[in-house]
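Hi,

Here is the structure I promised to pass on. Have a look at it first, and my notes on what turned up follow underneath.

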Amino acid sequence: MTDPYAHDIMSIDEATASPEQVPTAALRSALAHEENLVRTRGAKVAAAVVGDDPEMVAEHTSQLVENLDHERTNVVVHSALALASVVETAPDRAAEAVGPIVDLLDEDPPIVQSAASQFVRTSITEAPETFLSHVDQLVERTLQESTEPVPEDAIEATADDNRREIMRDVNEDEGRRQWATRLVTANMLAELARVEPTAVAPHVADLAALLDPESDDVGVTTTVADIVGSVAEHDPALADDAVDPLIAVLDHYDEPTVATAVTALGFLDDPAAIEPLRAVADDEDRDEDLRELAAETAAFVEQRAEQ
């Protein structure tokens, strides 16, 4: 077994690294090295210098993609983060990573999902169209509820108070990562619905199940309402499965969520929404801007219904 600390990359501090300090041969060798410690450092260094020299790192994209299938979590995580940096600086060079990254969005442990979601988050603004062929998987991940890695009965069966607290902290941290990944996939779908609404339209009925007026997950609820609105703006008939769920969301406590639902209902042109929209407009406990939006939308839908 070779000494990993003997590799040139191990003498480079990723916190202060510059392209001038990183020989291309050393980076190439590190990213494919048999020692996961060396591969991980190579990915960290790549992520550190890609902003100053995108092309230097982009030429190693294929190896970084290969590392996404590595058996060691650290290698996978830091290779995904390095690829996220490539998307930000040279998005056209990262296209081959999209499929493997999407596959990681429901992989355990959730820290892998978090790293993959960084790539997706950056791609929303830089290269959303590269995800069009992965809409099915994005929808599936958005519909997926968070799970607890440590079952509650296992926690209760643990006698040590400190250990129980650690287990609950793990569940909270991992749940937060899963939730963040879900929100990122929903936001990518929202962008794709604007770019190519017909690609997302077949999934409106499934996504509408997330339009829950009792949900505290306002990020996902609002984003799904936005998705429906984009599809409906293109063609109301493609989103008519969402009319009743959107009307139900008008009772939600979060006013930005309600405002997004109001806007979506305006695009749907369904007369069934007129009276519920008027109820929001007449609710003196609601924000004045929201009431005005609801009144205008109700009048617009009524006018369209009479044509």
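Threonine 297 is a good place to start: its relative accessible area is 8%, below the 20% cut-off, so threonine 297 counts as buried. This is a predicted model, by the way, so please read everything below with that in mind. Threonine 297 belongs to helix H17. If you set aside the neighbours within four places in sequence, threonine 297 is in contact with Val262, Gly266 and Leu277.

Leu277 takes us to helix H16, which covers residues 274–282. Which residues of H16 are buried? They are Ile274, Leu277, Val280 and Ala281. These four sit on the same side of H16, because they cover an arc of only 120° around the axis. Turned away from that buried side is a face carrying the exposed residues Glu275 and Asp282. As for packing, the buried residues of H16 go against helix H15 (255–268) and helix H17 (288–306).

Now the charged pairs. Side chains of opposite charge can pair when their charged atoms come close. The salt bridge count comes to 18, and here are three of them that I looked at.

- Aspartate 161 with arginine 164: the closest N and O atoms are 2.3 Å apart. Both residues lie in helix H10 (residues 161–195), three residues apart, which is about one turn of the helix. Aspartate 161 counts as exposed, at 52% relative accessibility.
- Arginine 182 with aspartate 217: the N to O distance in this salt bridge is 3.6 Å. The pair links distant parts of the chain, 35 residues apart, with arginine 182 in helix H10 and aspartate 217 in the loop between helix H12 (204–207) and helix H13 (218–234). Is arginine 182 buried or exposed? Its relative accessible area is 7%, so arginine 182 is buried. Aspartate 217 counts as buried too, at 16% relative accessibility.
- Aspartate 269 with arginine 304: here the closest N and O atoms are 3.0 Å apart. Aspartate 269 lies in the loop between H15 and H16 and arginine 304 in helix H17, so this salt bridge ties together parts that are 35 residues apart in sequence. Arginine 304 is partly exposed, with a relative accessible area of 39%.

There is also a network: salt bridges that share partners join Glu145, Arg182 and Asp217.

On to empty space. Rolling a probe the size of a water molecule over the atoms shows where such space is left. How many cavities of 30 Å³ or more turn up? The count comes to one, and the largest cavity has a volume of about 30 Å³. Its lining is made up of Val87, Pro91, Ala94, Ala95, Val98, Phe119, Ser123, Ala127 and Thr130. By class, that is seven nonpolar, two polar and no charged residues.

Last, the chain as a whole. There are 17 helices and zero strands. The C-alpha trace spans about 75 × 55 × 30 Å along its principal axes. Of the 307 residues, 50% count as buried. Taking the contacts in the chain with a separation of 6 or more, 69% are between residues 24 or more positions apart.

Cheers

Terms used:
Residues are numbered from 1 along each chain as its sequence is written. This is a predicted model: local features need pLDDT of at least 70, side-chain atom pairs count only at pLDDT 80 or more; totals for chains, interfaces and linings use all residues. Side-chain values use heavy atoms; hydrogens and water are left out. Buried means under 20% relative accessible area, exposed over 50%, partly exposed in between (1.4 Å probe, protein chains only). Helices (H or I, at least four residues) and strands (E, at least two) are DSSP runs, numbered from the N terminus. The arc is that of the directions from the helix axis to the C-beta atoms. Contact means heavy atoms within 4.5 Å. A salt bridge is a side-chain nitrogen of Lys or Arg within 4 Å of a carboxyl oxygen of Asp or Glu. On a 1 Å grid over the protein atoms alone, a cavity is a set of points where a 1.4 Å probe fits but cannot get out, and a pocket is an open set with protein on both sides within 12 Å along at least five of seven lines; lining residues have an atom within 4 Å of a point. Grid points are joined across faces, edges and corners, and a volume is the space filled by probe spheres set on the points. Ala, Val, Leu, Ile, Met, Phe, Trp, Tyr, Cys and Pro count as nonpolar, Asp, Glu, Lys and Arg as charged, and the others, Gly among them, as polar.
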